[in-house]
2 protein chains.
Amino acid sequence: MVADAEAGPVRAPLSRDRVLRAAVRMADDAGLGALTMRRLAEVLGAEAMSLYYHVANKDEVLDGIADVVAREINEAVDALELRSDGARWKDAVRCRILTARQVLLRHPWAPSVLETRAAMSPEILRYHDRLLGLMRDGGFSYDLGHHALHALGSRALGFSQELFDPGDGAAAPEELAGLAEQLPHLAGMLAEVAHDDPGSTLGWCDDQAEFEFGLDLVLDGLDRLRDR
Amino acid sequence: MVADAEAGPVRAPLSRDRVLRAAVRMADDAGLGALTMRRLAEVLGAEAMSLYYHVANKDEVLDGIADVVAREINEAVDALELRSDGARWKDAVRCRILTARQVLLRHPWAPSVLETRAAMSPEILRYHDRLLGLMRDGGFSYDLGHHALHALGSRALGFSQELFDPGDGAAAPEELAGLAEQLPHLAGMLAEVAHDDPGSTLGWCDDQAEFEFGLDLVLDGLDRLRDR
DNA sequence: ACCTGAACACCGTTCAAGT
DNA sequence: ACCTGAACACCGTTCAAGT
């Protein structure tokens, strides 16, 4: 066969792997809303319908990118080599979870897709299996370990529902007056922070610190149940 | 003006309220995926574009139905009349949260829309303000109360991320063999439950019990911090 | 003031066809 | 085996028009 005479860039052939990696990059760059079968194909230099040869449908793409992130998490935490015997279980679990969180922070869209995937990917199962293993080393019964996984919930993977985010948006001091009547306690809380740290009513919640506070609360509670 | 001679059912005029109530009913009946501007209009006996006179766009509909549920929660919890002084704060908060959960269980779609609403509705703010009030009665500083709201996260409203749901789907015993090699700890956990309660490997997680376990873990932890 | 119809710019996906 | 084009059945939304 004669070499291709045309100078046109011969696109690398598609594959499930290339499709998923491009999807992750798209979500990283432009958010989950920008991840469209049509735009995904475009980025890959292919026609929209070509994707369906490598992937059943969009749902499989979402399953796939969840799996990519989960694999990235497992690679990060497996490198830790944590000792987890006896009382050391807590530090080990804590470190593992905070490492997983570091990975998730690079993929801000990941929590919302992990939440919506009903079927658990093998990688997610593997992550929880090892986490449960650390707790077993620490003396947990399977029953307590089971409760622990539920109690941790998404925190096991390194994220938590930020449903309540006071100070986000334009919660400026001038709003406090109107706030104080309807919402006396929240207003008081905000006022105290404004007093302690004037000028920082906006974005005054340290996400990382709050995550660790909640995590430690749960881990300490589990540790006490373990002692019984 | 002469009475309308035609027998055709004269549809009640639209209104923001009617639109939102119909939207809630649609989500309750058929899930969030079925909630479409076009189908919403159809249910109301109107043309799709008529909705836009009463509501800016679909996002406002989602904000609206979140608010409807939040109002329903506030009505339920305000009726409780809880005593929260001193050590009684914990029972009061617990009861309030479990009552909110009862409302949410009637609207299974509500958690996912509450999560995605960045701007907090007045009703959600009000709910958290009163919750913080109960903790203040119990002797919480504003600082601890702030941490507490973050630590509770979505649990404050009565739901928790069910990311890890072993036993859901078709996790039948025959799968356990393959599971045991790759996932020894999860397999062991499942096997123990299967032994204790044979024949119930599927759906063996009691959501309500697990929710209460996690909630109590957090509340007990907060109670200890309050004592210092 | 309240509602409508036609039209636009998107989606995901099927299916028969091309190389 | 791998990719494509045209087409279908949906979306949310704009805009000018009707009563």
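**Exercise 1. Determine which residues lie closest to DNA strand C and how the surface near this strand is made up.**

Solution. In this predicted model, 18 residues surround DNA strand C, the closest being A:Arg38, A:Met49, A:Lys58, B:Ser50 and B:His54, where a residue is near a strand if one of its heavy atoms lies within 4 Å of it. Sugar and phosphate make up 52% of the atoms of DNA strand C that come within 4 Å of the protein. The next step is to sort the surrounding residues, which divide into 8 nonpolar, 4 polar and 6 charged; here Ala, Val, Leu, Ile, Met, Phe, Trp, Tyr, Cys and Pro count as nonpolar, Asp, Glu, Lys and Arg as charged, and the others, Gly among them, as polar. The largest share of this surface, 3 residues, comes from helix α2 (residues 37-43) of chain A, helices being DSSP runs of H or I with at least four residues, and strands E runs of at least two, numbered from the N terminus.

As to conventions, the model is a prediction in which local features need pLDDT of at least 70 and side-chain atom pairs count only at pLDDT 80 or more, whereas totals for chains, interfaces and linings use all residues. Residues are numbered from 1 along each chain as its sequence is written, chains are lettered from A and ligands numbered from 1 in the order in which they are written, and side-chain values use heavy atoms, with hydrogens and water left out.

**Exercise 2. Identify which atoms of DNA strand C are approached by A:Arg38, B:Leu14 and B:Ser50.**

Solution. Begin with A:Arg38, of which a polar side-chain atom lies 2.3 Å from a base nitrogen of DNA strand C. For B:Leu14, a polar backbone atom is 3.3 Å from a phosphate oxygen of DNA strand C, while B:Ser50 places a polar side-chain atom 2.4 Å from a phosphate oxygen of that strand.

**Exercise 3. Describe the surroundings of DNA strand D.**

Solution. Around DNA strand D there are 18 residues, with A:Ser50, A:His54, B:Arg38, B:Met49 and B:Lys58 the closest. Of the atoms of DNA strand D within 4 Å of the protein, 53% belong to sugar or phosphate, and the rest to bases. Phosphate oxygens of DNA strand D lie 2.4 Å from a polar side-chain atom of A:Ser50, 3.0 Å from a polar backbone atom of A:Glu47 and 3.1 Å from a backbone N or O atom of B:Met37. Helix α2 (residues 37-43) of chain B provides the largest share of the surface near this strand, 3 residues.

**Exercise 4. Explain why helix α7 of chain B is largely enclosed, and state what its buried residues pack against.**

Solution. Of the 11 residues of α7(B) (residues 142-152), 10 are buried, so the helix is largely enclosed by the rest of the structure; buried means under 20% relative accessible area, exposed over 50%, and partly exposed in between, with a 1.4 Å probe and protein chains only. Among the buried residues are B:Tyr142, B:His146 and B:Leu152. They pack against α9 (184-196) and α10 (207-227) of chain A, together with α4 (89-105), α6 (122-137) and α10 (207-227) of chain B, contact meaning heavy atoms within 4.5 Å. Just after the helix, B:Gly153 takes a positive phi of about 55°.

**Exercise 5. Decide whether A:Asp67 is buried or exposed, and find which residues A:Asp67 touches.**

Solution. A:Asp67 lies in helix α3 (residues 58-78) of chain A and, at 16% relative accessibility, counts as buried. Not counting residues up to four places away in sequence, A:Asp67 touches A:Ser121, A:Pro122 and A:Glu123.

Technical notes. A polar contact is a pair of N or O atoms within 3.5 Å; within protein, one must be able to donate a hydrogen and the other to accept it, and residues adjacent in sequence count only if both atoms are side-chain atoms.
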